[in-house]
Amino acid sequence: MSSRSEPSLPPPLLTVQDLALLLATSSSGVYSRVARGQIPGVLRIGRSLRFDPGVIAQWLSANKASAGGLS
């Protein structure tokens, strides 16, 4: 066994369905917000959309703070 630690992998990208669950909305609602440029961290992989979980977490934290901390 090697004493080197294995490289850490980045967290998996979120799918449209994952983000819809997180935002308590529908998949079509996510697509609409993406089309209007309202969701950051969007990655297009072929015809699919994926979202960077780190960017989404920061965006949600910023929005929560600007909304007066309401959940």
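Mentor: Two strands count as paired when DSSP finds at least two bridges between them. Keep in mind that this model is predicted.

Trainee: How many bridges join β1 to β2?

Mentor: Pairing needs at least two bridges. Strands β1 and β2 run antiparallel. The number of bridges joining β1 to β2 is four.

Trainee: What pattern does the protein chain follow along the sequence?

Mentor: Start with the inventory: the protein chain has three helices and two strands. Now put these elements in sequence order. The pattern reads α-α-β-β-α.

Trainee: Which residue stands opposite Ile-45 in β2?

Mentor: Ile-45 lies in strand β1, which covers residues 42–45. Val-42 stands opposite Phe-51 in β2. Opposite Ile-45 in β2 stands Ser-48.

Trainee: Which residue in the hairpin of β1 and β2 takes a positive phi?

Mentor: Look between the strands. The hairpin has two residues there. The one with a positive phi, near 65°, is Gly-46.

Trainee: Which side chains along β2 are buried?

Mentor: Strand β2 spans residues 48–51, and its side chains alternate. Ser-48 and Arg-50 point to one face and are not buried. Pointing to the other face, and buried, are Leu-49 and Phe-51.

Trainee: Is Ile-45 buried, partly exposed or exposed, and at what relative accessible area?

Mentor: Buried means under 20% and exposed means over 50%. Ile-45 falls in between, so it counts as partly exposed. Its relative accessible area is 47%.

Trainee: How much accessible area does the nonpolar patch with Ile-45 have?

Mentor: A residue needs over 30% relative accessible area to join a patch. Ile-45 has 47%. Its partners in the surface patch are Leu-13 and Leu-43. Together the three have about 240 Å².

Trainee: Which residue that is not a glycine has a positive phi of about 55°?

Mentor: Most residues other than glycine have a negative phi. This exception is in the loop between α1 and α2. At 71% relative accessibility, the residue counts as exposed. The name is Ala-24.

Trainee: With which side chain does the side chain of Ser-26 make a polar contact?

Mentor: Ser-26 also sits in the loop between α1 (16–23) and α2 (27–35). Ser-26 is partly exposed, with a relative accessible area of 36%. The contact is 3.0 Å, and the partner is Ser-28.

Trainee: What separates the C-alpha atoms of Ser-26 and Val-16?

Mentor: Along the chain, these two are 10 residues apart. In space, their C-alpha atoms are separated by 9.0 Å.

Trainee: How far apart in space are Gln-17 and Ser-28, C-alpha to C-alpha?

Mentor: Gln-17 is found in helix α1. Gln-17 is partly exposed, at 47% relative accessible area. Gln-17 and Ser-28 are 11 residues apart in sequence. In space, C-alpha to C-alpha, the value is 9.5 Å.

Trainee: What share of the residues of the protein chain count as buried?

Mentor: The accessible surface of the protein chain comes to about 5,500 Å². Carbon and sulfur atoms hold 55% of that surface. The protein chain has 71 residues, and the share that counts as buried is 21%.

Trainee: What share of the contacts with a separation of 6 or more comes from residues 24 or more positions apart?

Mentor: A contact here means heavy atoms within 4.5 Å. Take the contacts in the protein chain with a separation of 6 or more. Residues 24 or more positions apart account for 39%.

Terms used:
Residues numbered from 1 in each chain as written. Predicted model: local features only at pLDDT ≥ 70, side-chain atom pairs only at ≥ 80, totals over all residues. Heavy atoms only, no water. Patch = residues over 30% accessible without salt bridge, like charges linked within 9 Å, V, L, I, M, F, W, Y side chains within 5 Å. Areas by Shrake-Rupley, 256 points an atom, 1.4 Å probe, with all protein chains shown as cover. Salt bridge = Lys/Arg side-chain N within 4 Å of Asp/Glu carboxyl O. Buried < 20%, exposed > 50% of the residue type's maximum accessible area, 1.4 Å probe, protein only. Polar contact = N/O pair within 3.5 Å; in protein donor to acceptor, adjacent residues only side chain to side chain.
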